[in-house]
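Trainee: I keep meeting labels such as "buried", "paired" and "in contact". Could we go through a model and ask what earns each label?

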Amino acid sequence: MATYAEMREIYEDIRNDFRYDHELNGCLNCGICTATCPAAHFYDFSPREIVQLLWTENVEQIYDAMQEKIWACAQCMTCAARCPFKNSPGGLIAIMREVSIKHGMQSAKDVLRPFGRVMLKLITTGNQLSPDMIQPDHFPDWGPNIQKVEGDLKTLRKAIPVRTLQTTDTAWEVSLKTSVEMYTIWEMTGVMDSLQIVDENLFDVIEDFIDEKREDYNDWLETQEDRKDD
Amino acid sequence: MKPTEQSPGNHNTSAQGAGAGTMKPGFHNTDGQGIAGHGSFFQPTNLSSADAAKATEWVRKQVDRRTLDLGERMDDIREHMWELEKDGQIIVHRVGDEHEPKMVKTLFGWDKKIPTKQLWHHKSCGQCGNIPGYPTSLLWFMNKFGYEPGKDYLDETDQTSCTAWNYHGSGIGNVESLAAVFLRNFHQAYVSGKQHGFELGHFYPLVHCGTSFGNYKEIRKYLIESAELREKVTKILGKLGRLVDGKLVIPEEIVHYSEWVHVMRNRIASELQTIDMSNIRVTMHVACHYYKMVHEDAIYDAETLNGNRTAIGTAIAEALGAQVIDYSTWYDCCGFGFRHIISEREFTRSFTMDRKIKVARQEANADVMIGNDTGCITTMDKNQWIGKAHGQNYQVPIMADVQLAALACGADPFKIVQLQWHASPCEELVEKMGIDWNKAKGNFEKYLKEVEQGNIEYLYNPELALGGKA
């Protein structure tokens with residue numbers, strides 16, 4: 001359990017995000033946000049409650065809500081479209097999630113563990129999912145007819161009449177130079193630091209992958225130089 | 001009048017003292033005064049007919065859905081972009097005449113330019129990975145209109161996803177990273193024409209993904225409003241060599257593929273349609289991130305759904321002559337939830353079955369549910385089978401607006417529309433449209449043998465994707 005001072009610091013981090021004043025303008029407790037919220041149908045979650053906690057600066061209950069409730073939100077932003085005050089409860093939750101990661105909250109680590117596969121794919125390739133992730137053994141609840149034509153994945157992907165899509169381990173072919181530029185963005189914006197906080201092992205795997213890709217890119221650059229010299 | 005005299009609750013059922021104009025049957029008097037049950041503080045105006053009409057007109061104007069909101073008080077971020085450009089801080093990638101734009105109206109009646117030509121396809125990871133019939137149908141349409149690959153459109157490998165799926169799912173990432181990714185991709189779109197012999201800005205980005213569309217608009221707003229954010233990302237883009245004359249490139253309009261389909265709908269129907277759609281019952285699910293994020297930028301049309309809901313999707317289905325059927329959960333999200341579809345699937349499948357599939361089947365008896373985004377199509381398409389486990393045996397074919405339009409225009413259900421990747425019963429829709437599913441499937445299976453031999457049919461010369469010539 002965090003001390004009051006730690007909880008206050010977490011709240012201040014949320015409050016100091018420059019988006020905060022865009023996302024929270026006041027609240028009359030009308031509950032339109034909760035009435036229209038898909039997550040409120042199935043979870044002990046209410047966007048109205050989150051907004052009220054922030055609006056009243058209830059730092060202890062904000063901390064409690066960050067343990068589990070903020071992860072129920074589906075980020076559809078229906079609440080934001082409906083709020084008469086032009087609040088964005090979904091936007092506030094995005095800020096709270098970022099802050100929970102920054103503070104290394106165990107709840108964030110637990111929630112994100114099963115999402116590691118997507119993070120690995122995204123951070124290394126710039127695509128968030130790939131055809132080889134969407135296979136029947138990964139999604140048994142999608143049923144036996146997950147696709148309508150039998151055949152190996154590689155051939156079926158080759159049958160897509162667009163070169164960029166004839167891939168199996170990325171959604172589309174991303175050039176090596178593009179990937180390397182993206183790694184620089186991750187590093188310069190603190191994304192790699194966040195990843196390290198959430199999952200040290202995943203971070204190590206991704207670091208190795210990035211190093212390898214950078215070497216590949218440098219090798220490619222050298223080949224280009226050699227060609228020029230020739 | 002003393003405050004106590006306004007106290008509600010003391011209902012007068014005899015309608016005595018209702019003031020001028022006796023209470024009409026069915027209305028409820030609250031406390032013996034006032035009109036139409038609104039309470040004693042509501043008094044008749046005794047206006048002349050002409051004045052009453054004038055007053056009513058004024059009130060109607062005020063409560064019109066497009067002005068009731070903050071439209072008049074809301075900033076149009078694009079105006080600030082021009083100021084920043086004038087100050088020499090940014091370069092605005094313009095939608096020029098060469099992009100042959102069509103003008104549309106957005107939520108508050110503002111104008112938005114939709115470029116129709118010289119488009120840089122900014123792909124969607126969910127579409128390309130899971131529903132490839134989205135981009136293939138779109139490119140097929142462009143070819144059908146005689147667009148020249150490499151000049152009128154470009155699909156290349158120098159792009160990443162917006163990374164917002166991950167951000168909304170996990171909270172890993174931040175405004176700065178999202179902004180840098182946005183600006184990097186859009187810079188590439190701006191300069192991409194050069195290697196093909198064109199000027200800067202030749203190709204205009206066409207965003208395929210709904211979440212990318214919403215995310216990019218939100219991030220553009222933050223970039224315009226925050227000098228600090230611009231300063232931070234300028235350093236990053238500088239390091240990447242992604243500035244033009246030391247400046248950030250920001251697009252005049254952020255344009256979604258479904259907006260292209262929308263403005264081309266009448267040409268699609270009049271020039272390309274080959275199949276009568278009048279017996280097809282269509283329900284529409286518009287992606288939340290299309291019209292609920294930066295909602296002032298979504299397209300509305302007084303002739304579609306009375307201008308009360310975004311026209312996207314509905315308008316193309318109507319242009320094709322299909323029956324568009326309304327349903328009570330139209331505004332609901334699909335249940336995708338970003339992280340939920342991966343690791344909290346009970347929520348995703350329950351919500352989509354309860355609030356979308358079951359309703360489309362029971363209320364609308366839909367032949368098809370169309371959408372305009374990645375996650376929605378995946379969620380609604382893939383989560384029908386599991387409904388049987390809870391006695392919810394409801395099935396509806398699911399596909400994108402552009403896929404349905406391509407079918408109506410004679411595109412091959414497998415080679416182009418790529419329905420083989422869908423789990424929902426699309427074959428039922430295809431058969432109802434008069435297309436022989438089994439024959440098309442048989443032809444495609446033969447084609448797969450050709451593919452194995454390396455004989456692949458392309459929509460454009462594959463070298464183009466890698467910077468080669470058309």
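Trainee: What makes strand β4 of chain B and β5(B) a pair, and in which sense do they run?
Mentor: This is a predicted model, so every label is computed from predicted atoms. Strand β4 (residues 119-122) of chain B and β5(B) share two bridges and run parallel. Pairing takes at least two bridges, so they count as a pair. Within it, B:Trp120 has B:Leu154 of β5(B) opposite.

Trainee: Which sheet does that pair belong to, and in what order do its strands come?
Mentor: An open sheet of three strands, ordered β5-β4-β6 (chain B). Its pairing is parallel.

Trainee: Why are β5 and β6 of chain B called edge strands?
Mentor: β5 (153-154) and β6 (204-207) of chain B each have a single partner strand, so one side of each lacks a neighbour in the sheet.

Trainee: Which strands form the sheet of four?
Mentor: The order is β9-β8-β10-β11 (chain B), an open sheet with parallel pairing. At its edges are β9 (323-324) and β11 (398-400) of chain B, each paired on one side only.

Trainee: How do you know that β8 and β10 of chain B pair?
Mentor: Count the bridges. Strand β8 (residues 281-285) and strand β10 (residues 368-371) of chain B have four, in the parallel sense. At least two are needed, so the pair qualifies. One partnership there sets B:Thr283 against B:Met369 in β10(B).

Trainee: What makes β7 of chain B a strand with both faces covered?
Mentor: Look at each side of strand β7 (residues 248-251) of chain B. B:Leu248 and B:Ile250 sit on one side, B:Val249 and B:Pro251 on the other, and all are buried. Side chains of a regular strand alternate between the two faces of the sheet. Strand β1 (residues 90-93) of chain B runs parallel to β7(B), joined to it by four bridges. There B:Val92 stands opposite B:Ile250.

Trainee: Why is B:Met103 called exposed?
Mentor: B:Met103 has 9 C-beta neighbours inside 10 Å. The label takes 12 or fewer, so B:Met103 is exposed. This residue lies in strand β2 of chain B.

Trainee: Which residues does B:Met103 touch, beyond those up to four places away in sequence?
Mentor: B:Asp111 and B:Lys113. Separately, the C-alpha atoms of B:Met103 and B:Val263 are 8.3 Å apart, though their positions lie 160 residues apart along the chain.

Trainee: How much of chain B counts as buried?
Mentor: Of its 470 residues, 52%. The largest nonpolar core has 191 residues. Its largest share, ten residues, comes from helix α7 (residues 175-191) of chain B.

Trainee: What puts B:Ile370 among the core residues with the most contacts, and which residues does B:Ile370 touch?
Mentor: B:Ile370 is listed with B:Ala179, B:Phe182, B:Val282, B:Val368, B:Ala405 and B:Ala406 as having the most contacts inside the core. Beyond four places in sequence, its contacts include B:Val282, B:Met284, B:Gly313 and B:Leu404.

Trainee: How many residues do domains 3 and 4 of chain B bring into contact with each other?
Mentor: 33 residues of domain 3 touch 30 residues of domain 4. The domain 3 side divides into 13 nonpolar, 15 polar and five charged residues. The centres of these two domains, over C-alpha atoms, are 26 Å apart.

Trainee: How many residues of chain B are in contact with chain A?
Mentor: 80 residues of chain B, against 67 of chain A. Helix α18 (residues 437-452) of chain B gives the largest share of the chain B side, seven residues. By class, that side has 35 nonpolar, 28 polar and 17 charged residues.

Trainee: How confident is the predictor in chain B and in the complex?
Mentor: Chain B averages a pLDDT of 89, and 88% of the residues score at least 70. Residues 1-32 of chain B fall below 50. Where pLDDT is low, the predicted coordinates should not be read in detail. For the complex, the predictor gives an ipTM of 0.96 and a pTM of 0.90.

Notes:
Residues are numbered from 1 along each chain as its sequence is written. Chains are lettered from A and ligands numbered from 1 in the order in which they are written. A nonpolar core is a set of buried Ala, Val, Leu, Ile, Met, Phe, Trp, Tyr and Cys residues joined through C-beta atoms within 7 Å. A residue is buried if 20 or more other C-beta atoms lie within 10 Å of its own, exposed if 12 or fewer, and partly exposed in between; C-beta atoms are placed from the backbone. Two residues are in contact if their C-beta atoms, placed from the backbone, lie within 7 Å. pLDDT is the predictor's confidence in each residue, from 0 to 100. Ala, Val, Leu, Ile, Met, Phe, Trp, Tyr, Cys and Pro count as nonpolar, Asp, Glu, Lys and Arg as charged, and the others, Gly among them, as polar. Domain bounds come from an automatic or database domain assignment.
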